[in-house]
Amino acid sequence: MKHLIAPSVLAADFSNLKKDFDMVNQSNADWFHVDVMDGRFVPNISFGMDIVKTMKGIAEKPLDVHLMIVEPDKYLEDFRNAGADVLTVHYEACTHLHRTLGYIKELGAKAGVAVNPHTPVELLDDVLEMADMVCIMSVNPGFGGQKFIYQTLSKIRRLKERITERNLNTLIEIDGGVGLQNAEEILKAGADVLVAGSSVFKSEDPIDTIDRLKNIGR
Ligand code: DX5
Ligand code: ZN
């Protein structure tokens, strides 16, 4: 499968969201990556379901909603109704992850689970079958524009090995500090989805940057 590109709209211009969404609509990107932060799971607050609903109205590609919130179960239905196509919860925020992933699937969305940089991917062994996607955080979540943590590469390799061994279709997404300078080694390690915020929206020619990220060979 050709890898997917998911520009993170956290780095978009919120005074003119329509313009940035149109750019992504016209580009070679595959998904919109949408970061929801609650000021509790992460030390920052972004936006909630009303804004996600607004985004859904102007997006012509699936919304990949990354919930950096505590007690995500309470809000899954709301975010699904707001238009989330992929719903990703954090391993560290779920006491009953197995149940939560099942619930996301019942809601008809793709189920993702994200792990913070300190969380070993091996902890997902017993829910891998249920996860459509694992999001490996390559920065500590909360802010865009941070430096990629290189230890992530070994996590990608380890997870890829397990997914292949067990013949699963689980996608591996990498989120944080991804750009043209490191995308190739991330893909070589086994990533399927690249999230890119600042490297896309702060570049001189975002459409061209997306195109170059998309066209990297493995
Ligand atoms: C971090 C978010 C990321 C972020 C990526 O908490 O989950 O999705 O927006 O931004 P960049 O690509 O700028 O690191
Ligand atoms: Zn994210």
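A residue counts as near a molecule if one of its heavy atoms lies within 4 Å of it. With that in hand, welcome to this predicted model, where 20 residues surround ligand 1 and a zinc ion is present as ligand 2.

**The zinc site**
- Four residues supply the protein donors of the zinc ion (ligand 2): His33 through NE2, Asp35 through OD, His66 through ND1 and Asp175 through OD.
- These protein donors lie 2.1 to 2.3 Å from the zinc ion.
- Along the chain, the donors of the zinc ion follow the spacing H-x1-D-x30-H-x108-D.
- The arrangement around the zinc ion is octahedral, because its 6 donor atoms subtend angles of 70 to 172°.
- For reference, ideal angles for six octahedral donors are 90 or 180 degrees.

**Burial of two zinc donors**
- His33 has a relative accessible area of 0%, so it is buried, given the cut-off of under 20%.
- Asp35 is also buried, because its relative accessible area is 5%.

**Ligand 1 and its surroundings**
- The residues that come nearest to ligand 1 are Asp35, Gly142, Asp175, Gly197 and Ser198.
- Asp35 and Asp175 therefore appear in both settings, since they are also donors of the zinc ion.
- Ser8 places a side-chain N or O atom 2.8 Å from an oxygen atom of ligand 1.
- Gly142 has a backbone N or O atom 2.7 Å from an oxygen atom of ligand 1.
- Gly145 has a polar backbone atom 2.8 Å from an oxygen atom of ligand 1.
- Ligand 1 exposes 390 Å² when taken alone, and the protein buries 99% of that.
- The largest pocket is the space taken by ligand 1.

Key:
Residues are numbered from 1 along each chain as its sequence is written. Chains are lettered from A and ligands numbered from 1 in the order in which they are written. This is a predicted model: local features need pLDDT of at least 70, side-chain atom pairs count only at pLDDT 80 or more; totals for chains, interfaces and linings use all residues. Side-chain values use heavy atoms; hydrogens and water are left out. Donors are N, O and S atoms within 2.8 Å of the metal (3.2 Å for Na, K and Ca); water is not among the atoms, so sites may look incomplete. Four donors count as tetrahedral if all angles lie between 85 and 135 degrees; four count as square planar and six as octahedral if opposite donors are over 155 degrees apart and all others between 65 and 115; anything else is irregular. Buried means under 20% relative accessible area, exposed over 50%, partly exposed in between (1.4 Å probe, protein chains only). A polar contact is a pair of N or O atoms within 3.5 Å; within protein, one must be able to donate a hydrogen and the other to accept it, and residues adjacent in sequence count only if both atoms are side-chain atoms. Accessible areas come from the Shrake-Rupley method with a 1.4 Å probe; for residues, only the protein chains shown count as cover. On a 1 Å grid over the protein atoms alone, a cavity is a set of points where a 1.4 Å probe fits but cannot get out, and a pocket is an open set with protein on both sides within 12 Å along at least five of seven lines; lining residues have an atom within 4 Å of a point. A molecule sits in a cavity or pocket if more than half of its atoms lie within 2 Å of its grid points.
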